[in-house]
Every structure is written in structure tokens, then in C-alpha cells.
Amino acid sequence: MPANLTREELLTITTFQGLPTETLDWLLAHGERRDYAPDEPIVQPGDPAEYMTAFLQGGVQFFRTQNGHREPRFRIGAGQVSGVLPYSRLQTLPNYGAAVGQTVMFALHRSFFPELERVSPELVQRLVAIMSDRVREETRGQESDEKLRALGKLSAGLAHELNNPAAAIARSAEALADRAATKPALLLSLVRHCPTPESLEALMNLAESACSIEAKSPLSALQRADQEDELADWLEEQGVPDGYQLAGGLIDADITLDQLKPVAADLPKEVLPAALAWLEGQLTTYHLVCDVQEASSRISTLVNNVKTYSHMDRGSDMAPLDVVSGLESTVNMFSYQLRNKNIQLVRDYAPDLPTIYGQVSSLNQVWTNLIDNALDALPNGGTITLRTRREGDFVRVFIIDNGPGIPPNILSRIFEPFFTTKQAGDGTGLGLDIAQRTIRNHNGRLEVQSAPGHTEFCAWLPVA
């Protein structure tokens, strides 16, 4: 050890303060000093986890490498301890670390840990406490990352779901504006030719009746083409320009030639173009308004789904809950992803299911993690089954998929924190750990069975 590293310098490390002189001398004898220039690499991802480190000057900024980019994670400054610690199972370092300013580091190889435990049980105890705090902080950060990842997936799907009705409203509003712009000219043309009140009343009655009746079964493409050609030809014979354009709107409103002929017969020949254009415009306007109402209703439904899912209108305390309502609000948030992969959703809910006692937001996170995993595992056209049953004093909630299954050598590890089979950046390995701990906090248990073609997660939750 270089002579210029002293006991006094070691005592600038908070964890080393108050240690006996003999312990400090042991550290000086078995550790080593390392100096780094500003921004010089200290560790690389994948480096062996071999040294406990303490920073006398400067520090290290750690970065996570994701998708080819470095993202800042955390910083260790002067006076702090980092690296591998006694009893740690860490074998490789996951992050990139660079020196912050001119850095002086004390390093102790992990091979000396058994001897350190004999020399200074007190220091080992301090280091173990640091490791425990670090694990808790890392777990909290990873849990937050897991929730944000799930939220990102749901948000992407929700954005698609909201975009469709919003775009429909925009298109309908534009078409309504065009229709409204033609109304004055049509009115002027009608008034100019002075049709009788009776003929106008017949025209308006046809419009009202077409708006009030329920839509008929949709025509086949061939049937629609035949009817549209017949109606367009008749309109042309009546001297109505753009017959094909009007014919499409009238067919959409389920108006037939048999309905139009008696109304047209009572109108002056010269007023027919304006009268039939008004009729088509009135019917199309009605259907555009219906489209806007349907799209806005879809948006309201999506907002209510979000509200129910996120539990925005209630507190976070435990309360009697309907698990089916939680499952439905969660699966509704996955509508886009289910459609995108053509996933069949089977609902198999037991009737008269009792309530359970729990926290909605936490349980919805469980359903989110399990459904998300099923979606990831399934190929296009797969099936997810949501099932509920009562068994004694428990409600059982099943989430089942017919994917390839979980290999036996992995099945025993899937609940381990940070264990994941997904590619880097696609998962934290905490989804199932969070789900299991949440169910346990509800005095229940989470089980899994898997074979090719059938993977089944079952949550047991006590009846309220």
C-alpha cells in the first residue's frame, strides 16, 4: 500500500469512522489505492465483481446501457462505500461507471472478506447493513421501473384506442361542416320553385322515418353495387346531377327506390335536384351525428376504464372488492394489444361470487403483470382465459393462456426477484415477484402450473 494513504484518509470514509486502529491498519495492509482522471472508466458492464470500494476523493457516476444509450443511474461520492460487499452473491457488475472529477479510491478484494470477518465483526456488520439498504433501494427502483414499463405498454394501447374515436369525430365534424355549407343554397333553390306544402311534408316525413328506424342488416358488396347502380340511373333520369354521389348516401340511409318514387312524383321536376340533394344531406348529417355520439361514447368508456383501473375515485385503503370488476377494468386497458395479436379472450366467471377484502390498485397491478406476461408468451391468434371460482373461504382467480408453456427448468425460478427470460430492456424480472408479494399481503397465495399449450396462474384471495 502506498505510504501516502493514511489512517486519517481512511477515516474520511463514513463507514470506517470509529473503527479501532488495528482494523484501520489491517485495511491499509490488505487494500490498495487507485487513482482515476476525470471521466476515466472505473467499471464496465460484465466486469467481475471482485472489490469492495470506498472513495476518498471524487466519486463514480454509474450508467445503465439500454438500447445502445447510457442512462444515468446513481452516483457514489467521496466518503461512501460501493462495489461488492461481504455475503453478497453479486458475480458481475451490471453498470458502466466513470470517475467524477479527480478520484482516489480504496479497493479491498473480496478474497479478504473471511479474514475481515474475524478481524472486525463490527465493520462487517456495518457493510452488511449498507448492502441491505442498497438492495432495498434497488428493489424500490426496479419496482418503479416495472410499473412504468407496464404503464408504458398500457398507455401505448390506450393512445391507439383514443386515437380511433378522436379521428372519427374529426372526420365527421369536417363532413358536417361541408354539409352545413350547402344548406343555404339548397333552401334557396327549394323556395324559388315553390313546391306545395304537402310535397315538402312528404319529403320531410321520409327523412324523419329513415332517421328513426333501426339499421337493417348490411348488404353484401354485390347487393349494394346493384342497388346503387339502379338508384343512380333513376336519379340521372330525373335530371339529378351527380346521381352516383347521392345514391351512395341514400343507400347508406336504407332509402329504397320504391320509397323515393311517390315522393318525387309530387314534386315539380325542376325542384327534384335540390329536394333529393337536401334529403341525402339530411340523412347523411343524421348519421354523421350518430357517428360523433358513438365515438364520444367510446372515449367516455375508455376514460371510465382508466378511472376504474387506476382507482382514481377511491382511496388506497383496503376495502371489500369485486374481483371481476378489477379483471374487467384491467383487460379493457389491453384492448388494443389483444386486437393487435388477434387474441381470443374467454370469460368464465362464476355467478354470485363473494367480495374479497383488498386494495384495488395493487390487485390491478397483479392482473396487469399476469395478462401482460400471457400476451408476451402467446403467438398471434392465441387464447387467454379469465376464470373465477369460489373454493371454501377463498376466491380463486385464474389467468390462463394456451402458449408454449414455461420450461420446467425455469418454472421453479419465475418468482425470484430480477429473474427474467426477456431481452435486456424488455423487463426487470420483478413483475411476478411483485404479484406474489401483493397476493401474500392480501393473505392469499399465487400458484402456477405450466405445460405446452396450458399455462395457468391462480391467485387465492380470502373472502371478505
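**Note on salt bridges, surface charge and packing**

1. At a relative accessibility of 32%, R437 counts as partly exposed. The model under review is a predicted one. R437 shares helix 14 (residues 431-441) with D433, and the two residues stand 4 positions apart, about one turn of the helix. Their side chains meet in a salt bridge, with 3.0 Å from N to O. D433 has a relative accessible area of 7% and is buried. The acidic partner is therefore classed as buried, since 7% falls under the 20% cut-off, whereas the basic partner is classed as partly exposed.

2. Which residue forms a salt bridge with E391? The partner is R396, and the closest N and O atoms of the pair are 2.9 Å apart. Here E391 is partly exposed, at 39% relative accessible area, while R396 counts as buried, at 15%. In this pair the buried residue is the arginine; in the pair within helix 14 the buried residue is the aspartate, D433.

3. A further salt bridge joins the side chains of R445 and E447, at 2.9 Å from N to O. Both ends of this bridge are partly exposed: R445 has a relative accessible area of 36%, and E447 has one of 29%. Elsewhere, D348, R387 and R389 are joined into one network by salt bridges that share partners. The count of salt bridges comes to 12. As general background, side chains of opposite charge can pair when their charged atoms come close.

4. Where does the largest share of the negative patch come from? Helix 6 (residues 221-237) supplies that share, with 6 residues. The patch lies on the surface and is formed by D226, D229, E230, D233, E236, E237, D242 and D258. D226, one of these residues, is found in helix 6 and is partly exposed, with a relative accessible area of 47%. D226 therefore clears the accessibility cut-off for patch members, as 47% is over 30%.

5. Helix 7 (residues 243-252) is mostly covered, with 7 of its 10 residues buried. The buried residues are G243, L246, A247, G248, G249, L250 and I251. Just after this helix, D254 adopts a positive phi of about 65°.

6. The structure holds 5 aromatic pairs. One of them consists of F394 and W460: the ring centres are 5.8 Å apart and the planes meet at 75°, so the pair is edge-to-face. F394 belongs to strand 13 (residues 394-401) and W460 to strand 15 (residues 454-462), so the pair ties together parts that are 66 residues apart in sequence. F394 counts as partly exposed, at 25% relative accessibility, whereas W460 is buried, at 9%.

7. Is C194 buried or exposed? C194 is exposed, with a relative accessible area of 60%. This cysteine is found in the loop between helix 4 (121-192) and helix 5 (197-212). The C-alpha atom of C194 is separated by 8.5 Å from that of V271, although the two residues are 77 residues apart along the chain.

Technical notes. Residues numbered from 1 in each chain as written. Predicted model: local features only at pLDDT ≥ 70, side-chain atom pairs only at ≥ 80, totals over all residues. Heavy atoms only, no water. Buried < 20%, exposed > 50% of the residue type's maximum accessible area, 1.4 Å probe, protein only. Salt bridge = Lys/Arg side-chain N within 4 Å of Asp/Glu carboxyl O. Patch = residues over 30% accessible without salt bridge, like charges linked within 9 Å, V, L, I, M, F, W, Y side chains within 5 Å. Areas by Shrake-Rupley, 256 points an atom, 1.4 Å probe, with all protein chains shown as cover. Lys, Arg positive; Asp, Glu negative; His and termini not counted. Charge placed at Lys NZ, Arg CZ, Asp CG, Glu CD. Phe/Tyr/Trp six-rings, centres within 6.5 Å; stacked < 30°, edge-to-face > 60°.
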